[in-house]
Structure formats: C-alpha cells, structure tokens
Amino acid sequence: MQAARAFKRNRPVDFEGFDFKGGYGPPPTNGTAWLLSTAGVGDEYYDDYDDNYEDGPPIPDQWDTMEPKYVNDRRVLINKQIESSSLRVQGMDKEDMGVMATDEARQIAREEGVDLVMISPDANPPLARLISFSKFKYEAERATKQRQKASKGVDLKELRLRPVTETHDYAVKLKQAQGFLQKGSKVKVSMAFSGRELRFKDQGKELILRFVEDLTSVGKVDGAINFKTSNFSVTMAPNK
C-alpha cells in the first residue's frame with residue numbers, strides 16, 4: 001500500500017507520550033514513524049501530503065503507453081501512438097478546431113486533461129478528437145449496441161439485378177422493392193458479374209444508382225454502396 005504521507009528525513013522527532021530520549025531506545029525509523037503517524041500520534045510533525053495519493057494510487061499515465069487500444073474489435077490510436085504529422089482536430093464537444101500539427105494537438109489534449117483519439121485515420125488529413133479514451137470507448141460501444149438493437153428483428157429482402165436488365169424486368173423489381181420497404185423491411189439489391197459480363201460493370205453501376213434514386217420516396221441507403229468487387233450491392237432501409 002502506498003504511504004499516505006511524505007516524510008521529512010533526518011529530523012529529530014518527539015511524539016506525545018513517547019520519550020525517546022529517556023531510555024526507550026533511538027528515535028523511530030521512517031517506517032516506525034509512519035506507523036505511529038497513521039495512528040494519530042505526532043501528526044503535527046508529518047503534515048506534508050502528496051495529493052496524488054489522497055484518494056488511492058495515481059492513475060497510470062496513458063500518454064506514454066504503446067499498448068494497443070481496441071473499440072468494437074477495431075484498434076484505435078491514441079496520444080503518442082498517432083504518427084501523422086498533422087491532424088484535423090475536433091474539440092470535446094465535437095467542434096471543429098481546424099488542422100494543426102499533431103504535437104500541438106497532443107499538447108492541447110494534455111492541458112485539458114484528456115486524450116487525443118484518432119477517429120478517422122484514412123481521412124485527408126486524419127481526423128482526431130479531444131476526449132478521454134474511456135469515454136470514447138463507452139460512446140462508441142453504446143452506439144453500436146443501439147444500432148444492433150434497432151435492426152434486430154428487421155426483415156431483410158434481397159433482389160438481384162442483371163447488368164443488362166430489360167425495362168419490364170426493371171419495373172417488376174422496382175415495384176417489389178417499393179412494396180418491401182413500405183411494409184417495413186430492408187431491401188438488399190445485388191448484382192453479380194461473371195465472364196463477359198465484367199465488360200458491363202459501368203453499366204451495372206449506373207443501373208444500381210438509378211434503382212436507388214427511384215426508391216428515394218420510400219427508402220434510403222443504409223450503409224455504404226459496394227462497387228469494389230465483382231459483386232455490387234446496396235441495402236435500402238424504409239424511410240421513417
């Protein structure tokens with residue numbers, strides 16, 4: 001256990017009720033003095049307190065840690081782990097503080113008693129926020145749970161389009177999607193390319209974007225539209 005008091009070394013000590021000059025042995029050692037002082041004896045001689053220990057041991061300094069931090073199974077860089085030379089910084093209330101050198105952002109965070117947490121490392125420049133890591137983790141995990149709770153039990157319907165779709169088939173698929181969305185279901189629209197169909201990827205992309213636009217009266221895009229592989233997809237959620 002950390003000692004609650006700081007000691008003044010090499011000082012003769014007299015405690016009430018103890019005459020160390022009268023044959024009871026030498027003055028107490030620092031350890032003995034601590035035991036006596038914690039019992040309320042001689043407090044007037046040991047009144048130097050270390051504020052860091054008043055309410056328990058000090059909190060470890062996260063600024064020097066290189067231990068990986070994770071939120072929702074994704075690593076999050078904080079403080080000295082951030083290697084970017086400059087950042088766009090959000091304040092504690094998410095206000096935009098502009099672009100600044102990372103060292104300057106770290107200094108501001110330390111002065112405010114919070115962490116510098118990387119939010120979007122892939123942005124240009126990367127985006128970071130002034131917030132304690134524990135609070136950031138709590139907020140992010142709570143938001144994830146709320147999204148999962150909101151989506152739990154929601155029916156997901158899937159419709160497949162071809163890169164080359166006839167006008168009649170397009171109208172049929174569109175009407176189906178509208179009906180699903182109006183009944184509260186989500187709709188996943190997908191398009192797979194194989195063989196010579198790969199030549200029509202640009203045409204397929206335009207078709208999916210048109211499909212999404214034709215559904216805006218009853219639905220909205222839920223998540224990112226995937227155009228990066230040979231399987232295009234987009235999920236639409238009902239408007240509420």
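Let's start at one pairing: Ser 120 has Leu 127 of strand β6 as its bridge partner. This is a predicted model, and that pair is a handy way into the first of the two sheets described here.

**The sheet around β6**

Ser 120's pairing belongs to a set of 4 bridges that join strand β5 (residues 116–120) to β6, with the two strands running antiparallel. Together β5 and β6 make a hairpin, and 6 residues sit between them. Pro 125 has its place in that loop between β5 and β6. Have a look at the bond just before this proline: the peptide bond from Asn 124 to Pro 125 is cis, and its omega is near -5°.

Now for β6 itself, which covers residues 127–130. Which way do its side chains point? Leu 127 and Arg 129 go one way, Ala 128 and Leu 130 go the other way, and all of them are buried. That fits a general habit: in a regular strand the side chains alternate between the two faces of the sheet.

β6 also pairs with β3, this time in the parallel sense, over 3 bridges. One pairing to pick out is Gln 90, whose bridge partner in β6 is Arg 129. Gln 90 also stands opposite Asp 96 in β4.

That brings us to strand β3 (residues 86–90) and strand β4 (residues 96–101), an antiparallel pair held by 4 bridges. Arg 88 faces Val 99 of β4 across this pairing. β3 and β4 form a hairpin too, with 5 residues between them, and Lys 94 in the turn shows a positive phi of about 70°.

Put the pieces together and you get an open sheet of 4 strands in the order β4-β3-β6-β5, with mixed pairing. Its edge strands are β4 and β5, each of which pairs on one side only. From one strand to the next, the twist averages 35°. Helix α2 (residues 102–112) packs on this sheet and touches β3, β4, β5 and β6, and its direction makes about 125° with that of β4.

**Positive phi in the loops**

Lys 94 isn't alone in having a positive phi. Here are two other residues that do, although neither is a glycine:

| Residue | Phi | Loop | Relative accessible area |
|---|---|---|---|
| Asp 73 | about 65° | between β1 (69–71) and β2 (74–76) | 80% |
| Asn 79 | about 50° | between β2 and β3 | 0% |

Are these two buried or exposed? Asp 73 is exposed, at a relative accessible area of 80%, whereas Asn 79 is buried, at 0%.

**The sheet around β8 and β10**

Further along the chain there is another open sheet, with 4 strands in the order β7-β8-β10-β9 and, again, mixed pairing. Which strands stand at the edges? They are β7 (156–160) and β9 (219–221); each has a single partner strand, so one side of each has no neighbour in the sheet. The twist here averages 30° from one strand to the next.

At the β9 edge, β9 pairs with strand β10 (residues 231–238) in the antiparallel sense over 3 bridges. Gly 219 takes part, with Pro 238 in β10 as its bridge partner.

Two helices go with this sheet. Helix α4 (residues 167–182) packs on it, touching β7, β8 (186–192), β9 and β10, and its direction makes about 170° with that of β7. Helix α5 (residues 201–214) lies across β7, β8, β9 and β10, and runs at about 5° to β10.

**Where α4 meets α5**

How do these two helices sit against each other? Their axes come within 10 Å and cross at roughly 45°. α4 and α5 are therefore oblique to each other. The crossing in which α4 passes α5 is right-handed. On the α4 side, the contact is made by Tyr 170, Lys 173, Leu 174, Ala 177 and Gln 178, and on the α5 side by Leu 207, Arg 210, Phe 211 and Asp 214. Sorted by class, this contact has 5 nonpolar, 1 polar and 3 charged residues.

Key: Residues numbered from 1 in each chain as written. Heavy atoms only, no water. Pairing = 2+ DSSP bridges. Axes fitted to C-alpha atoms, helices over the stretch in contact; angles between N-to-C directions. Contact = heavy atoms within 4.5 Å. Parallel < 35°, antiparallel > 145°, perpendicular 65-115°, else oblique. Left-handed = near helix turned anticlockwise from the far one by under 90°. Nonpolar A, V, L, I, M, F, W, Y, C, P; charged D, E, K, R; others polar. Buried < 20%, exposed > 50% of the residue type's maximum accessible area, 1.4 Å probe, protein only.
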